[in-house]
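Let's look at a protein and its RNA together and talk through what sits where.

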Amino acid sequence: MRVRFAPSPTGYLHIGAARTALFNWLYARKTGGAFLLRIEDTDLQRSTDESTRSIIEGLRWLGLDYDEEMVFQSDNADQHRAAALQLIEAGKAYRDFTPKAERADANVKQEIAERARAASHTGADHRSNPFRDLSSQESAARAAAGEPFAVRLKVAREGRSTFEDAVYGVQERDYAEIEDLVLLRSDGHPLYNLSVVCDDIEMRITDVIRGQDHLTNTHKQILIYEALNASVPRFAHLPLILAPGGKKLSKRIHGEIVSLTTYRDAGFLPAAFRNFLALLGWAATGLQSEAEVAPGDAAHPPDERAGEIMSLSDMVENFSLERIHRNPAIFNFDANNPKRWTDDKLIWMNAHYIRTLPREELLPLVRAELEASGLWREEYDGDRRDWFARAVDLIRERFYTLKDFSGQGRAYFGDEFEFEEAAVKKNLRKEPRLKELLPALAARIEQTEPFTLETCEATLRAYADETGVKAGLFINAARTALTGQAVGPSMFEVFDIIGRDASARRLREAARLV
RNA sequence: GGCGCUAUGGUGUAAUUGGUUAACACGCUGCCCUCUCAAGGCAGAGAGUACGGGUUCGAUCCCCGUUAGCGCUACCA
C-alpha cells in the first residue's frame, strides 16, 4: 500500500486537508504501507514557499510523519509534458489550435453554465472540436510551423466510465458527459489532471484517498491512466467538511477558523485536535467492545467507553475506509460568540486532554507556552520541578487551552498578573472591612507553621471565627488577591502552591484594591 | 444548464446492513457535591429519522420522485 497527501501550497493548511492527511496516514500505518507527501505546486502564480512550509509544519504538529522524500510536482513538469506528447503520438490525444480564451477567475462558474446552455441550443457536444480529427500530418505540420496548441485527451464518443470508490461505492459516468479535457496548456504547462495521474503512477500510489470534491473528476483521471496504459489505483473519497448551515467552508468567508495554525496558536493540543478531526466523517466503534466495562466504573469514564477518545495508536488500530461515511460533516462554530468561536466539541476535547493527559506529556507543552509568554523560569526544571508539576496539576483541571496557563494561570508563575475587574468588585469591594482584615490575615498566614494546605485552612478559619466573618468571605477575597480571578482551585491548595511569602504579600497588596 | 454526491435532535456520530421505548458524545436545563468555577455524579429537555410516494407482515435501513445543500462541469487545483 502506498498513499499520498497531495496539497497545493496556496495558503495555510486547511482543516479539511489536515483530515485528509490524517486519514491517509492512518490507512498507511494500519496497512503497513507508505505515506508520501507531494506538494502540488503547478499553479505557479498562487503557490508560495511559505505555504509549503506551513503544510510541513502542520503535519509535524499533527504528528503525521511522511515516508520517503517529499515530491514537488513542478519538478516533474517535463515528464508530464512528455507524457502528453506521447499520447498525441499514440493517437490518444490531439493538438487543439483554437486560440486560448481569456476568462476572469471570478465568474468562471457562471460562464460554464452559460456556455453549457448555449451549447445545448446549438446542439454542439463535447466532441465537436474541429481539431479532434485533424490528420496527424497536418497537425504535426502546423505545430512545426510554430502555431501554438493545447493538448486534449481524445475521449471516446460512446461508452461509460466505471469505478468502485471505497467510500462512495460504484460510480458511473457517460463518456458523453466528459469533455476532451486539456492535458497541456498552449504555453506547454501541464494541467492538474495530467500531473496528478503522472505523479501517482511515478510514485506507485496504490490508493488515492482525497476529498469528495474530486469524485466526479476521477473518471477523467482514469481515462488518463488508461491512455497511459497504467494500472488504476483504488480510490476513496472523503466527505467534505462544511460550515454551519451546510454552507461551503471557505478561507475567504470564514477566515482563520479553517486554518490549522489557528488551533496550534490558540493552544490546542495536537492529540486533541487530531482526535476531533478523526471523528469528522468517521466513527470508530467497538473500541472497547470486549472490555465489558461496568456502568459507573470510575476508571473508564463514559466517553472512553464510547470509544471517542482515541490515541493515535487507537485510531490506527480501528481505522477502516469502510467506516467512513458519505454525508458531509459540519464544523460547528459561531463567529459572533467568543466562547464558541470554534466547534464546542473540539473545545471540550481539548480541555479533556489537558485535564487527563499523563503529566509527563503535558508538562513540556505547558513549558513551551510559558516560555513563549516569558513566564518560564529555569528552576521549574530544576529545584522547583516538583512544585511546577504540582502547580500544573492543580490548575489544569479547569483549563481549556494551553493559553490558559499563561492567561488565567499567570498568577501561579509570577507576580505580574492582572486583576479581573468583576472579581475585584465581587470579592474585594463588597466588604469594606477587608481593607483592615486582609493585612491582618496576611500576618496570620505569615506566621503559620508549618505552611501547609491544612494549617492554612486552620489559620484562616480561626481568624474568621475570631473576627466574626464567614470563612467564605476570606476565601473568596483571598482567591482574588492571590490570583486576580474570581474562580479557581480550592483556595487552600492555592495558598500552598503560591507559598507563604507571596501569599502574604498579595493579601496586603490587595487591601489597596478594596 | 448538465452530471454527480448527500440528507438521523442544535453539532459529531450509532442503530446486529428490514424487527430497538431510535443509542452515545458535545452543547443545553435542573439537582447533588462545594469556599468560587470547573471536573465528577444524578436527572431531564430535545429527533419518530428532510418531504411525498412505493416495496414489505414490518422500513432510519431497499426503490422512485420532490426539496435543500454541496461538488464537478476552466488552457484553476
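What follows is a short chat about the RNA surface, the core and a hairpin.

This is a predicted model, in which local features need pLDDT of at least 70, side-chain atom pairs count only at pLDDT 80 or more, and totals for chains, interfaces and linings use all residues. Residues are numbered from 1 along each chain as its sequence is written, while chains are lettered from A and ligands numbered from 1 in the order in which they are written.

Me: Which helix gives the most to the surface near RNA strand B?
Reply: A residue is near the strand if its C-beta atom, placed from the backbone, lies within 6 Å of it. Helices here are DSSP runs of H or I with at least four residues, and strands are E runs of at least two, numbered from the N terminus. Several elements supply at least two residues each, including α13 (344-356) and α20 (471-483). With seven residues, the top contributor is α4.

Me: Which helix gives the most to the largest nonpolar core?
Reply: A nonpolar core is a set of buried Ala, Val, Leu, Ile, Met, Phe, Trp, Tyr and Cys residues joined through C-beta atoms within 7 Å; buried means 20 or more other C-beta atoms within 10 Å of a residue's own, with C-beta atoms placed from the backbone. The largest such core has 91 residues, and A18 and L22 are among those with the most contacts inside it. Giving 10 residues, the helix you want is α1.

Me: What is the bridge partner of S161 in β7?
Reply: Strands pair if DSSP finds at least two bridges between them. β6 (residues 160-165) and β7 (residues 169-174) run antiparallel, joined by six bridges, and form a hairpin with three residues between them. Opposite S161, the partner is R173.

Terms used: A residue is buried if 20 or more other C-beta atoms lie within 10 Å of its own, exposed if 12 or fewer, and partly exposed in between; C-beta atoms are placed from the backbone.
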